[in-house]
Every structure is written in C-alpha cells, then in structure tokens.
Amino acid sequence: MTTDLAAFAKDKGIKYFMISFTDLFGGQRAKLVPAQAIADMQEDGAGFAGFATYLDMTPAHPDMLAVPDPSSVIQLPWKPEVAWVAGNCVMEDEDVAQAPRNVLRRLIDEAAAEGMHVKTGIEAEFFLLTPDGSQISDEFDTADKPCYDQQAVMRRYDVVREICDYMLELGWGPYQNDHEDANGQFEMNWEFDDALRTADKHSFFKFMTKSVAEKHGFRATFMPKPVEGLTGNGCHAHISVWDAPGDKSKVNVFATDKGEGQTGEVGLSAKGAAFLGGIMKHASALAAITNPTVNSYKRINAPRTMSGATWAPNTVTWTGNNRTHMVRVPGPGRFELRLPDGAVNPYLLQAVIIAAGLDGVRTNADPGKRHDIDMYAEGHKIKDAPRLPLNMLDALRFYDKDTSLKAAMGEEFSAAYLKMKNDEWNDFCNHFSAWEKQNALDI
Ligand SMILES: [Mg+2]
C-alpha cells in the first residue's frame with residue numbers, strides 16, 4: 001500500500017497528482033498538483049474554497065483542505081504521468097463533518113467497533129451518448145430487447161475493452177462486461193471490496209468511463225433515466241459483512257447454511273437478517289441518498305419500459321433470487337439492494353447502507369415477510385408494503401422524519417444535505433415546463 005506520494009511519483013514517473021474530493025451532490029473536484037509539491041501537500045492538504053462546491057459552506061468559511069489518502073492513489077492508465085488520489089476534507093484541523101468521504105469513514109469505524117466489516121460490490125450502469133448528450137451514440141442500437149446484444153456490444157468494443165483493460169491493470173478483478181437492457185446502455189463488473197475501497201473505485205470508475213468515452217468521441221452518462229421510455233441507470237449494491245477488513249477477512253457473518261426461517265432458507269444469518277431489517281426499515285428515507293436527483297424518480301415508480309421491465313423497484317419488499325423486488329438475496333451470505341441509481345454519491349451510498357444496517361443490527365430489526373412473486377405483474381397483491389417515495393421532495397421529507405437515520409449519518413451532514421437538496425427541489429419547481437403550458441393553457 002502506498003504511504004509516500006513523493007516516492008510513488010519518483011517510482012512511477014508521475015508528473016501531476018489530482019487531489020480529489022467528492023461534494024454532497026457527487027461532484028468530483030480536484031486540484032492538479034505537480035509532483036515536486038506533493039510532499040508538502042501530503043502533510044497539509046490542497047486548499048479549496050468550500051463555498052465554490054456543494055458542501056453547504058459560505059464564502060466566509062476558512063480554507064478547506066483536501067488531505068490526500070495515499071492508500072487510494074491510482075496512476076491514470078490512460079495518462080500515466082498523472083495520478084488520482086482521494087482527499088479527506090479538513091478545516092481548521094478538524095474533519096469536515098458533512099464531507100461524504102468523512103461520513104463514510106466514521107461509519108466504517110463505528111461498524112468495526114462492533115466487529116462488522118462491510119464489503120460491497122456495485123454495478124454502475126451507464127449509457128454512451130453523442131457528445132451533446134441528445135441521443136444514444138449508436139444509431140443501429142434499436143432492438144426492443146437489446147440486453148446482452150452481441151452485435152451492439154461489439155460496436156462499442158473499443159471503449160469497453162479499453163476500460164476493462166485498465167481495470168485489469170489496476171488489479172480490480174473485472175470479470176464481465178455487457179450491453180444492458182436499454183439501447184446505448186452498458187455494464188461492467190469488478191470484484192467486491194471493503195466499503196471505502198469500493199467507494200473510491202466507484203468514483204474513479206465514473207471518472208475513467210467518462211474520460212475514455214470522451215477520447216472515443218462519445219459521452220458517458222450515469223444519469224438515472226437519460227432516455228425517456230428506456231430502462232434507467234441503476235447502481236445495484238451487493239452487500240455482505242465480514243469478521244475483518246481486507247485480506248484478513250475469513251468469515252462472512254451474513255452467511256448461514258442452517259436454512260431456518262424465511263431469511264435462513266435463502267442463506268442469511270440472524271445478523272444478516274437484522275442488517276437487512278435496517279435497510280427495509282429505513283428504505284423510504286434512505287432513498288433521499290440512493291436516489292438523489294429529481295430525475296431519479298423517473299427510474300423508480302416508472303411505467304413499463306420498451307424492453308418490458310424497468311428493472312427498478314417501486315415498493316419496499318425483499319425476496320430470494322428474483323430481480324423484481326427492492327432487495328434480492330441471490331445466494332447465501334449477501335444481498336443485493338436494487339434501489340440506488342447512477343446519480344448516487346459513491347461515498348454516501350456506502351455510508352447509508354452501513355448506517356441503516358447498523359441500526360438494524362442494534363435494534364434487531366425484522367426484515368418482514370419474504371415475497372416470492374413477480375412484483376412487476378403481481379405487486380398489487382401486496383397491500384401492506386410501503387411504497388418508495390414518488391419524487392425527490394417526498395424522499396427528503398421521509399429522510400427528515402427518520403431521526404435515527406439522520407443521527408446515524410451525522411446531524412451536521414443531514415442538515416447540510418437536506419438544506420442543499422431542498423434548495424435544488426425549489427429550483428426545479430421554479431422551472432417552467434412545456435408540460436404545464438400544454439395542460440393548463442386552455443383551462
Ligand atoms: Mg444491470
């Protein structure tokens with residue numbers, strides 16, 4: 001593991017470091033620092049005006065410093081003289097409480113103190129569009145059911161192969177790539193890892209995918225629903241909890257072969273069931289984090305797409321190996337949360353999973369009944385399952401009412417997030433749309 005960035009620069013021929021942090025809206029911000037200056041920056045951090053990003057700060061706030069975490073450094077495979085490194089935000093010698101990577105680091109420590117080490121894998125779906133973002137990049141990609149389309153994935157082989165090669169180089173263990181369920185949509189999968197490592201890789205994957213797409217004359221987007229009527233960009237998370245972090249982990253504490261009860265039958269231990277119970281209990285509120293944009297609610301609660309299924313949930317239910325529910329337990333020892341979308345902040349995604357899951361374990365939360373039906377066809381038969389929020393304001397209100405989740409994510413973070421997201425909602429409401437005119441002009 002890298003500990004000395006100056007030595008890393010010398011060894012790898014790095015000329016510039018991007019000291020990067022992610023703001024509350026998931027925007028990645030960076031300063032380019034020449035290698036000659038990195039030793040000092042590693043001590044003191046790179047300075048930023050917090051107000052200029054989405055962190056709920058004023059112009060009067062003192063300098064915010066992003067202190068690079070050397071263990072996260074990645075040499076850009078497509079521009080080897082540059083290295084990316086995630087920074088932890090600090091102000092006047094204290095961690096900035098609302099900064100997403102700090103929120104996650106705090107929750108990882110809390111879980112570790114209780115003997116739980118969360119590992120996750122994520123599936124960050126994306127579209128390849130024309131450079132102006134107005135349409136999908138491949139005019140021949142028009143099939144009604146384009147999922148796994150062999151011809152279409154090969155028409156974008158140069159992009160997919162380049163990204164996959166880089167993941168191989170970086171040692172991420174990529175293992176499959178495909179054309180997804182919407183025209184123009186792709187998914188690339190790599191191995192699961194500790195929550196902070198997955199969050200850093202998720203951030204870097206977005207940066208890398210956008211960069212490689214630009215190089216090939218396309219535009220990659222992770223927007224939840226970039227094309228009306230087509231399946232949206234999910235960011236499913238596969239979650240397990242282990243006895244130790246990193247390579248030291250030996251025991252998956254979620255796994256059971258006892259097979260008793262509804263969760264045991266699908267291979268989840270009592271602890272796994274309680275963790276899942278926490279996710280179920282807080283689902284409507286945590287949607288404010290996992291589905292963070294106005295557009296997110298066009299993906300969940302959506303009408304049937306052209307392919308025949310949205311692949312997104314609209315109700316808080318769980319099941320065994322069945323993709324029509326919010327949570328799927330595909331096999332022993334892990335479950336898949338299918339709620340998050342491509343706009344999710346990589347750090348807040350992991351943080352809210354841990355926050356809700358920890359609360360579940362602490363309160364021995366009951367995940368409720370397992371439903372083994374096709375939710376798309378028979379969802380109406382389940383009368384008592386909570387519905388997911390219908391829009392961003394709904395989600396923000398659920399989050400605001402969920403005092404235990406707010407506290408677990410941190411009061412300062414929650415206040416800042418709610419303030420900035422409510423401002424965004426108000427901005428959206430002030431936007432005058434063609435739909436309104438069409439529906440009210442002649443009233
Ligand atoms: Mg997928």
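Helices and strands here are DSSP runs, a helix being H or I over at least four residues and a strand E over at least two, numbered from the N terminus. With that in hand, let's work through this predicted model together.

**Exercise 1. Two residues with positive phi**

Find where N364 lies, and decide whether N364 is buried or exposed. Then do likewise for Y148.

*Solution.*

Step 1: Place N364. This residue sits in the loop that links α9 (346–362) to α10 (375–378).

Step 2: Look at the backbone. Most residues other than glycine have a negative phi. N364 is not a glycine, yet its phi is positive, near 45°.

Step 3: Count neighbours. A residue is exposed if 12 or fewer other C-beta atoms lie within 10 Å of its own. N364 has 12 C-beta neighbours inside 10 Å, so N364 counts as exposed.

Step 4: Repeat for Y148. Its loop runs between β9 (126–129) and α4 (150–155). Phi of Y148 is positive too, at about 60°, although Y148 is not a glycine. Because Y148 has 11 C-beta neighbours inside 10 Å, Y148 is exposed.

**Exercise 2. Strand β1 and its partners**

Work out which strands β1 is joined to, and in what sense each pair runs.

*Solution.*

Step 1: Start with the strand itself. β1 spans residues 16–22, and six of its seven residues are buried.

Step 2: Take the parallel partner. β6 (residues 82–91) is joined to β1 by five bridges, and the two strands run parallel. In this pair, S20 has A86 of β6 as its bridge partner.

Step 3: Take the antiparallel partner. Seven bridges connect β1 with β2 (residues 28–34), and these strands run antiparallel. Here I19 is matched with K31 of β2.

Step 4: Inspect the turn. Five residues separate the strands in the hairpin of β1 and β2, where G26 has a positive phi near 85°.

**Exercise 3. A four-stranded sheet with a helix on it**

Give the strand order of the open sheet that contains β9, name its edge strands, and describe how helix α6 packs on the sheet.

*Solution.*

Step 1: Write the order. The open sheet has four strands in the order β10-β11-β9-β13, with antiparallel pairing.

Step 2: Pick out the edges. β10 (174–179) and β13 (219–221) each pair on one side only, which marks them as the edge strands. From one strand to the next, the twist averages 25°.

Step 3: Zoom in on one pair. Three bridges hold β9 and β13 in antiparallel pairing, and L129 has R219 in β13 as its bridge partner.

Step 4: Add the helix. α6 (residues 195–215) packs on the sheet and touches β9 and β13. The direction of α6 makes about 155° with that of β13.

**Exercise 4. Two helix pairs**

Classify the packing of α3 with α9 and of α8 with α11 from their angles, then describe the residues at each contact.

*Solution.*

Step 1: Take α3 (residues 100–113) and α9. Their axes come within 8 Å and cross at roughly 30°. Angles under 35 degrees count as roughly parallel, so α3 is roughly parallel to α9. The crossing is left-handed.

Step 2: List contacts. Residues of α3 including V103, L104, L107 and I108 meet residues of α9 including L348, A351, I354 and L358. The contact of α3 with α9 comprises 12 nonpolar residues, one polar and two charged.

Step 3: Turn to α8 (residues 270–290) and α11 (residues 392–401). These helices pack at about 120°, with axes 7 Å apart. That angle makes α8 oblique to α11. This crossing is left-handed.

Step 4: List these contacts. From α8 come S284, A285, A287 and A288, and they meet A395, L396, F398 and Y399 of α11. The contact of α8 with α11 has seven nonpolar residues, one polar and no charged.

**Exercise 5. A loop residue and its surroundings**

Decide whether T231 is buried or exposed, and name the residues that T231 touches.

*Solution.*

Step 1: Locate T231, which is in the loop between β13 and β14 (235–242).

Step 2: Apply the count. The cut-off for buried is 20 or more other C-beta atoms within 10 Å. T231 has 25, so T231 is buried.

Step 3: Name the contacts. Leaving aside residues up to four places away in sequence, T231 touches D181, A182, Q185, T305, S307, T310 and W311.

Step 4: Check one of them across the sequence. T231 and T305 are 74 residues apart in sequence, while their C-alpha atoms are 5.9 Å apart in space.

Technical notes
Residues are numbered from 1 along each chain as its sequence is written. This is a predicted model: local features need pLDDT of at least 70, side-chain atom pairs count only at pLDDT 80 or more; totals for chains, interfaces and linings use all residues. Two strands pair if DSSP finds at least two bridges between them. Axes are lines fitted to C-alpha atoms, for helices over the stretch in contact, and angles run from 0 to 180 degrees between N-to-C directions. Angles under 35 degrees count as roughly parallel, over 145 as roughly antiparallel, 65 to 115 as roughly perpendicular and the rest as oblique. A crossing is left-handed if the near helix is turned anticlockwise from the far one by less than a right angle, and right-handed if clockwise. Two residues are in contact if their C-beta atoms, placed from the backbone, lie within 7 Å. Ala, Val, Leu, Ile, Met, Phe, Trp, Tyr, Cys and Pro count as nonpolar, Asp, Glu, Lys and Arg as charged, and the others, Gly among them, as polar.
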